[in-house]
Amino acid sequence: MTHTLSETIQGNRKLAFIARNWAAFFLLGFLILFSFTGKGFLSVTNFQNVGHLAVIAILMASAETFVIITSGIDLSIGFVMGFSSVTAGKIIQILYAAGGGISPGISIAIGIVIVLILSLIPGLVSGVLIARYKVPPFIATMGMWGITNGIALKICKGFPVATLPEVLTRIGNGYIIYIKPGGGISFFSLPHGVGNESIREYIRLIPYSFIFVGLILLVLWHLLRNTTFGQHTYAIGGNEEAAVRAGINVKLHLVKIYILSSFIAGLAGIFNVFQTGIGNFTPFGAMYELFAVSAVVIGGASLMGGKGSIFGSVIGVFLIAFLENGLLISGVVPFYRFIAVGLLLIIAVVIDQLFPDLL
Amino acid sequence: MEYLVETKNITKRFGGLTAVNKVSFGVQAGEIVAVLGDNGAGKSTLIKMISGVHQPDGGQIFVQGKEVEIHSPMDALSMGIETIYQDLALAENMNVYSNIFLGREKTKKVLGLFNVMDSQYMFDESQGVLDKLNIQIPSLRNNVRTLSGGQRQAVAISRSIYWNAKFLIMDEPTAALGVAQQKLVLDLVKSLKDHGLGIIIISHQMHDVFAVADRIIVMRRGEKVGDLKKEGTNPDEVVNLIVGSESVV
């Protein structure tokens, strides 16, 4: 029955197109719906806010996309992010407090470089465990999940790392364009002499975070879509045995995949420091990794591997983000978010079952 | 005429069991040799020593007259020996030309900086090899998952041909295929002779064997009990050899 139904639907090209891009159509539908139900939903400010707050989720989902295409899963990214955030915070804090001619810029740069290098390690460990010792990805990355969180909490002693240079949030939450209605335009910051208290009088456009996440997405999209690295990622997820027989170094590739995932989580941690101005450990209830997996699956990937795309995953993130934002603005209690994400996941899986030949 | 691939007294033991016992045979370029035998007769083990999956315990293997040691499937590939597997070494989630170029993707430089895959080149080359072998595939941009079993076999074979295979090993190439699909694959196999390939086919289907093979080798209990030209034999004689009521070497 299911089979004939899927055949009927596949016979219809228009329907197949909609099914293939159902998440994008749902997103469009929600945007229209919330424009009516939520006051202030349909505005540049709100959309920029949703995007700005979704940056970490987008990075997480992109990391998870690569892993899921190889039919793996990375549960550690949420805590790798926390580890990266508190470690960067701690390094910057120490250097900044030490003074002695180290400018805030230098201490931030040193913190970033060290943390980006450190963030490769959890991925290297899980990757080697998975590729070399055949540990299931779920277990290997759950090991890193615990270890990175433990180390993060040890470093920050259970409190956010504060008293960091103020320039962090100015960059992290800054915009390229500031316009005062009827009063002129300024770039990269408020005009001289204008204090933060009057920031609400300005229309702010294009957050730096969009440039940051946009560049990363462009690189990752290119990597997955146009390079042999991406091609081999799909091949491993589609038929690992075939990839081996085709001469692809599958073990090395898997190690690279988990290192990449961990590295992107590290970038998210650094962004987190810029966004909040402090080094944050990841609370247990945050479940970044599970929301990332949800977004990736909603965006058309399959946990069986072999399919998925950066674009789809970003759509998945925005579907969840706008749903949350729209419900909130429309006055719906926030816990409906979980129900909504659950329903979307079920839809995603059902569509994946009905349209196995797509993509 | 010199053999493309030849074995001399090749032997493989698994513990106390002698799976293949001193088997000597050869395959010439442009020749299709079928290996027949009951289950456990040693056909697969014999073939796997040539494809590099098993290493022989005794005897020699010659490729184009030179003695070689084949330690792994990669070794075999580098000598031009390709195996078309029953379960098909294709990534079903990828399109036809990506499969043909899998692991050996053609790249080009963009802006003198980035290496990107040259899809158009891979598409054109794949179309070329399919045309050469007279294989019809609806679109090379379709995923392999959408192809029939016979078409998938054809894609796997085309890949070997494109990458200059000289010697093909086919394990039950028509198993699990419909009648029309079987014909497609058998016709393709026959046409490969004209391209100068040597081919070994393992099959249970007597009809297939007589349709394509030039020579038939019969294995029983690890030993070669028959090496017959197709013209000089008939299915009855071959069956008798397989089950062991006579022996002709």
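This report describes a nonpolar core and two sheets of a predicted model.

## Basis

Local features need pLDDT of at least 70 and side-chain atom pairs count only at pLDDT 80 or more, while totals for chains, interfaces and linings use all residues. Residues are numbered from 1 along each chain as its sequence is written, with chains lettered from A and ligands numbered from 1 in the order in which they are written.

## Nonpolar core

The largest nonpolar core (buried Ala, Val, Leu, Ile, Met, Phe, Trp, Tyr and Cys residues joined through C-beta atoms within 7 Å; buried means 20 or more other C-beta atoms within 10 Å of a residue's own, all placed from the backbone) has 156 residues, and those with the most contacts inside it include A:Ala57, A:Leu319 and B:Val35. Helix α13 of chain A (residues 250-276) gives the most to this core, with 15 residues; helices are DSSP runs of H or I with at least four residues, and strands are runs of E with at least two, numbered from the N terminus.

## Six-stranded sheet of chain B

In chain B, an open sheet of 6 strands with mixed pairing (at least two DSSP bridges between two strands) has the order β6-β9-β10-β3-β11-β12. Because β6 (81-84) and β12 (223-229) of chain B each have a single partner strand, one side of each is left without a neighbour in the sheet. Strands β6(B) and β9(B) (residues 167-171) run parallel and are joined by 4 bridges, and B:Ile84 has B:Met170 of β9(B) as its bridge partner.

## Four-stranded sheet of chain B

The order β2-β1-β4-β5 describes an open sheet of 4 strands in chain B, with antiparallel pairing. Between β4(B) (residues 58-63) and β5(B) there are 3 bridges, and B:Val63 stands opposite B:Lys66 in β5(B).

Conventions. Buried ≥ 20, exposed ≤ 12 C-beta atoms within 10 Å, placed from the backbone.
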